[in-house]
Amino acid sequence: MNVRHSGIGMTSARTRNRMIERLRTQGITDEVVLAAMNSVPRHMFVDEALATRVYEDVSLPIGHGQTISQPYIVARMIEVLRNGRSLNRVLEIGTGRGYQAAVLGQVAREVFSVERIKPLHDIAVLCLRELGARNVSLRYADGGMGLPEIAPFDAIIMAAAATHVPRELLAQLAVGGRMVLPLGSQEQMLYLIEREEQGFRQTALEPVKFVPLLAGKS
Ligand code: SAH
């Protein structure tokens, strides 16, 4: 598969700049996140026919009924995860084609990302290899279980909406760690969960729209 989409290079650098300016007007202030969003060529993660729309603030289809998350929500979730600090080990549930994992790879020392749909996992492997994102490891698995063998994580990010917070993931969050996840089915809300010395603190952030977290592999 040709994932580079040669020929739109210059256009994409310019439209990516416009995307960053739009993210600023939408309230994203973390310069580390903005720089990471600027450095990852988002068009590599969609089919060529959609590449001209990929810097707009929309989610777009990536096949198998799934979508690439809109730029604002990717930036917002990573900004909340970082909270101005550098990130060490991060877990993402729902790789898709790997766009958000690539952005996370720019702001964290190590990223682990799990996807339950094999063909999407396979495309993500190709995309991230092409990008040379060597600190991002991809797993084909049901992410609802997390990755107990790699835990604890100082940040966990979910790209699919659960109806409740998966217990296994809470257990894999380090003390002082932060998790960002959408919860709900028809009506969804983005939440921040912080692990403190004694328990967890949960904060509602804003309404969102994500694909559902599904159990098992496909
Ligand atoms: N992070 C992606 C978003 C992909 S959409 C991006 O940057 O664009 C969310 C993804 O979550 C879908 O690919 C879906 O298959 C996946 N998903 C849903 N339930 C899952 C589960 N239990 N484990 C792993 N991945 C899951």
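**Exercise 1. A residue with an unusual backbone angle**

His 64 sits in the loop between strand E1 (60-63) and E2. Working with this predicted model, describe the phi angle of His 64 and decide whether the residue is buried, partly exposed or exposed.

*Solution.*
Step 1: Start with the backbone. The phi of His 64 is positive, about 60°, although the residue is not a glycine.
Step 2: Recall the usual pattern. Most residues other than glycine have a negative phi.
Step 3: Turn to accessibility. Partly exposed covers the range between 20% and 50%. His 64 has a relative accessible area of 47%, so the residue is partly exposed.

**Exercise 2. A second case of positive phi**

Now take Asn 83: where does the residue lie, and what is its phi?

*Solution.*
Step 1: Find the place. Asn 83 belongs to the loop between helix H3 (71-82) and E3.
Step 2: Read the angle. Asn 83 is not a glycine, yet it has a positive phi of about 50°.
Step 3: Add the accessibility. With 47% relative accessibility, Asn 83 counts as partly exposed.

**Exercise 3. The loop between E5 and E6**

Walk along the loop between strand E5 (136-140) and strand E6 (153-158), beginning at Ile 150. Which peptide bond is cis, and is Glu 149 buried or exposed?

*Solution.*
Step 1: Take Glu 149, which lies in this loop. Its relative accessibility is 56%, and because exposed means over 50%, Glu 149 counts as exposed.
Step 2: Look across space from Glu 149. Its C-alpha is 9.6 Å from that of Gln 172, and the two are 23 residues apart in sequence.
Step 3: Move on to Ile 150. Here the relative accessible area is 13%, so Ile 150 is buried.
Step 4: Find a partner for Ile 150 far along the chain. Leu 91 is 59 residues apart from Ile 150, and their C-alpha atoms are separated by 9.3 Å.
Step 5: Finish with the cis bond. The peptide bond from Ala 151 to Pro 152 is cis, with omega near 5°, and Pro 152 also lies in the loop between E5 and E6. Most peptide bonds are trans.

**Exercise 4. A charged side chain under cover**

Asp 30 is placed in the loop between helix H1 (9-25) and helix H2 (31-39). Which side chain does the side chain of Asp 30 contact?

*Solution.*
Step 1: Check the cover. Asp 30 has 11% relative accessibility, and therefore counts as buried.
Step 2: Look for a partner. The side chain of Asp 30 makes a polar contact with the side chain of Arg 82, at 2.7 Å.

**Exercise 5. Helix H4 and a residue of H5**

How many of the nine residues of H4 are buried? Then relate H4 to Ala 124, a residue of helix H5 (residues 118-131).

*Solution.*
Step 1: Count the covered residues. H4 is mostly covered, with eight of its nine residues buried.
Step 2: Name some of them. Among the buried residues of H4 are Tyr 99, Gln 100, Ala 102 and Val 107.
Step 3: Turn to Ala 124. Its relative accessibility is 0%, so Ala 124 counts as buried.
Step 4: Link the two. Ala 124 and Ala 102 are 9.5 Å apart, C-alpha to C-alpha, and 22 residues apart in sequence.

**Exercise 6. The ligand and its shell**

Describe the ligand's surroundings: which residues come nearest, and which element gives the largest share of the shell?

*Solution.*
Step 1: Locate the ligand. It sits in the largest pocket.
Step 2: Assign the shell to elements. Those giving two or more residues are strand E2 (66-68), strand E3 (87-93), helix H4 (99-107) and strand E4 (108-115). E2 gives the largest share, three residues.
Step 3: Pick out the nearest residues. Of the 26 around the ligand, these are Gly 94, Gln 100, Glu 115, Gly 143 and Leu 214.
Step 4: Sort the shell by character. It divides into 13 nonpolar, nine polar and four charged residues.
Step 5: List atom pairs. A polar side-chain atom of Glu 92 lies 3.0 Å from a nitrogen atom of the ligand. A backbone N or O atom of Arg 116 is 3.4 Å from a ligand nitrogen atom, and a backbone N or O atom of Ser 69 is 3.1 Å from a ligand oxygen atom.
Step 6: Finish with the cover. On its own the ligand has 580 Å² of accessible area, and the protein covers 99% of that area.

Definitions and conventions:
Residues numbered from 1 in each chain as written. Predicted model: local features only at pLDDT ≥ 70, side-chain atom pairs only at ≥ 80, totals over all residues. Heavy atoms only, no water. Near = heavy atom within 4 Å. Polar contact = N/O pair within 3.5 Å; in protein donor to acceptor, adjacent residues only side chain to side chain. Areas by Shrake-Rupley, 256 points an atom, 1.4 Å probe, with all protein chains shown as cover. 1 Å grid on protein atoms, 1.4 Å probe; cavity = no way out; pocket = protein on both sides within 12 Å on 5 of 7 lines; lining within 4 Å. Sits in = over half its atoms within 2 Å of the grid points. Helix = DSSP H or I, 4+ residues; strand = E, 2+ residues; numbered from the N terminus. Nonpolar A, V, L, I, M, F, W, Y, C, P; charged D, E, K, R; others polar. Buried < 20%, exposed > 50% of the residue type's maximum accessible area, 1.4 Å probe, protein only.
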